[in-house]
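Hi everyone, thanks for making time. I'd like to walk you through a structure that may be new to you, so let's put it up on the screen.

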Amino acid sequence: MTKKLYLIVAIVLVSSMLMSACGVPAVAPAPAEPVAEQAAPAVAEPAPAEPAAVAEAGKIKIGMISAFTGLFSGFGEMQKQGAVLALEEANYMAGGKQIVLIMEDDQLDNEQAITKSKKLVEQDKIDILTGMVSGDEGLAVADYMKDKNIPVIPMYSASEDITMREFHPMIVRTTWTGAQSMDVFGYWLAKEKGWKKIYQIGEDYSFPWNQSGGFMRGFCRGGGEEVFSVWSPPGSTSDFSSMIASIPLDEGYDAVLYNGGGGDAVNFVKQFVELGYDKKITLIGQSNTFEKPDLDALPVDIIGSYSPHHTADDLNTPEWNAFKEAFNKRWGRNPSAASEFAYSSMRVILRAIDAVNGDVSDKAALVDAMLKVDMTDDPRGPVSLDPTFHSAIENVYIREVAKAEDGTLYNKGIWTVKNVSQFGPYDPETYLKQPIDGNTYPPQKCSDFPPVMLDAENVYEFVEFGK
Amino acid sequence: MELKYIILILNGLTQSAILFVLGSGLTLAFGLMRVVNLSHGAFYMLGGYLGWSVVKATGNWPLALLVGGLSIALLGFLFEKTMLGRVRGNDLPETLLTVALSMIIADVCLVFWARTAITLNVPQYLNPTITILGVTYPGFRYLMMVISILIAVSLWFILYKTNLGKAVRAGVDDRETVSALGININKIYTSVFMLSGLLAGLAGVLGGSYLQLSPGGDTTILTLSLVVIIVGGMGSLLGAVISSLILGQIMSFGLAFAPQYSYFLIFIPMALVLALRPQGLFGRQI
């Protein structure tokens, strides 16, 4: 009998360790999703059989790793749909070659992400690697890929160091960093709304740290005083009501910033409303808090809540409308930022392959071609790429949650700031001298900030949304 | 300030409610059958998802609770009759079989239900905002506490006041003698496994309404329910009550005061119990 007891204890310990591995909620021994191998309609033969025969076979293989299960499965799913749409529009062809997409589920686990990258690199002999949802996932994969001479195009993964302190020349991120949108947001709240104190509750890992870092820099630069922060590991609990009950209502905080996304955000926001806190203090979110598809699960009481992102659901440009319509037609739902980012990244990949006429043997030339792709017709607004750090310079939209005619919630744009880089208004050199964003940096009190961070040379220009 | 502590305690009790419904099902099956059902978390998830579909189709939450519970009871029945019964008494095949079932269920859920987090909509009449002495708290959470108390009382009644319960308790002590007395122990095994499934299904609907259901969530739930029965003592109903009460408060206060470590805090009582009293607080020496 004791044997059995030990067996159980072992199982509990192993699964709990797996779940807490590296601060990212692995979904433990969750069911491995059967490898979704999406080849061009007619060809679906398994990859391993052909040994690096890419050139002869005339096919280009793109590997895509993402979290299709787990806490952020919503983002993973949206990402997949965006990428597949871009491929289908190109008919799985680019530069005269057939494109094969090989998808792998890493279950939002860093170890799994590396194992799957390894499989894609060594077994499938991919030419390009893309995907990645969470910040940690992206950092882990980028680190593994460092010496593989294969272009890595992170889609939704936004830890800034992938294109900053950990940058290597095979990385091209056409999407965003955590701080990019939040710096604008924090600045706007302090400068335009006149808010002084924010109470932040965040998920304890790299992406929210980076979002918080951007937010604090912007908020303090704009004249704020304090961003008090509480952190809890993502996925470690689904009952936040005790953290909510601990929010002080009498200490002059202007708002609560929930710095988390996915399943955690759904729980947090629901409980915030259920405990009646929406009537006591303003709730604002980070970029993912109110994103689709999770927004559909949120209560209508949060109408009016602000968040920043690089997309807004009511963008009214020909590019966005065309994308939205195509996405709706293919998948029967409206696109989210994650699907737009995936669509846009995949389009850059395809256009670069076109530009090199399908010859992907020279990887450096391929990366160069990606950097030169014209992204002015991107659905989310014009994007250009920074030639030094291979990161995006693009619009940031301040949005508020609104209710559509059919009763569903969406993110309505209110202000636009154009051409924001990953360094925000700072000059790259100064920015890179600062410590990496974490759960203890930047300091919670603006008075403890290094003066150089409170005084940037560039100032954002807020343009009314849609103008 | 006291207001905060009252809410923390209430949160702890809500957590306890769900932990108890989960843990009691698992402990019951283990006490009698000596089977650690590692698909308990998957049962929870499937029950929740079925309930979600019912709510979506009919908007009737009580019906969802019923369907979620009963369908998992039926699944438990079929699984016990056709598979688990065949390998009875062999620890390893029993355990592996339940692991396999949990993987199959989790994959089936991926096929039929959304891959995103979903929540069962609780109708307003079941979730009024209740304010007692200045404490505002969601009515559904009170309802969960009431439901779990009702379940605890019914389980106690079944175990201590009915013939089935007598046979179950006798079976826990000495299986051979019970079968020698002319009681069909196999039937009892099946009933208990069904009951355990019923509880997991109910917990799934409750948990899916109060929190959410998401792919992969089954393993978290399984871990939590194992912690409940290890602390409480495997096979002990009272143990499940007490340990879920303790763990609920630890989770609630942990989140308020040390959110970064809250997940690990629940393993502290488990480690202490294993070191000092390996059979669990109310478990018997085994």
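Let's start in chain A, where Cys220(A) and Cys446(A) are joined by a disulfide, with 2.0 Å from S to S. Quick reminder for anyone who's rusty: a disulfide is a covalent bond between the sulfur atoms of two cysteines. Do keep in mind that what you're looking at is a predicted model.

So where do these two cysteines sit? Cys220(A) is in helix H7 of chain A, residues 206-221. Cys446(A), on the other hand, is in the loop between helix H13 (428-433) and strand S15 (463-464) of chain A. That puts the partners 226 residues apart, so the pair links distant parts of the chain.

Is the disulfide left-handed or right-handed? The torsion about the S-S bond is about -70°, and therefore it's left-handed. Both Cys220(A) and Cys446(A) are buried.

And how many disulfides turn up over all chains? Searching the whole structure gives one.

Now over to chain B. There's a cysteine here too, Cys109(B), and it counts as buried because its relative accessibility is 3%, with the cut-off at under 20%.

For something on the surface, look at Leu74(B), Phe77(B), Leu78(B) and Met194(B): they form a nonpolar patch, and their accessible area together is about 320 Å². Helix H3 of chain B, residues 61-82, gives the largest share of that patch, three residues. Phe77(B) is found in that helix, H3, and with a relative accessible area of 30%, Phe77(B) is partly exposed.

That's my tour, thanks for listening!

Terms used: Residues numbered from 1 in each chain as written. Chains lettered and ligands numbered in written order. Predicted model: local features only at pLDDT ≥ 70, side-chain atom pairs only at ≥ 80, totals over all residues. Heavy atoms only, no water. Patch = residues over 30% accessible without salt bridge, like charges linked within 9 Å, V, L, I, M, F, W, Y side chains within 5 Å. Areas by Shrake-Rupley, 256 points an atom, 1.4 Å probe, with all protein chains shown as cover. Salt bridge = Lys/Arg side-chain N within 4 Å of Asp/Glu carboxyl O. Helix = DSSP H or I, 4+ residues; strand = E, 2+ residues; numbered from the N terminus. Buried < 20%, exposed > 50% of the residue type's maximum accessible area, 1.4 Å probe, protein only. Disulfide = S-S within 2.5 Å.
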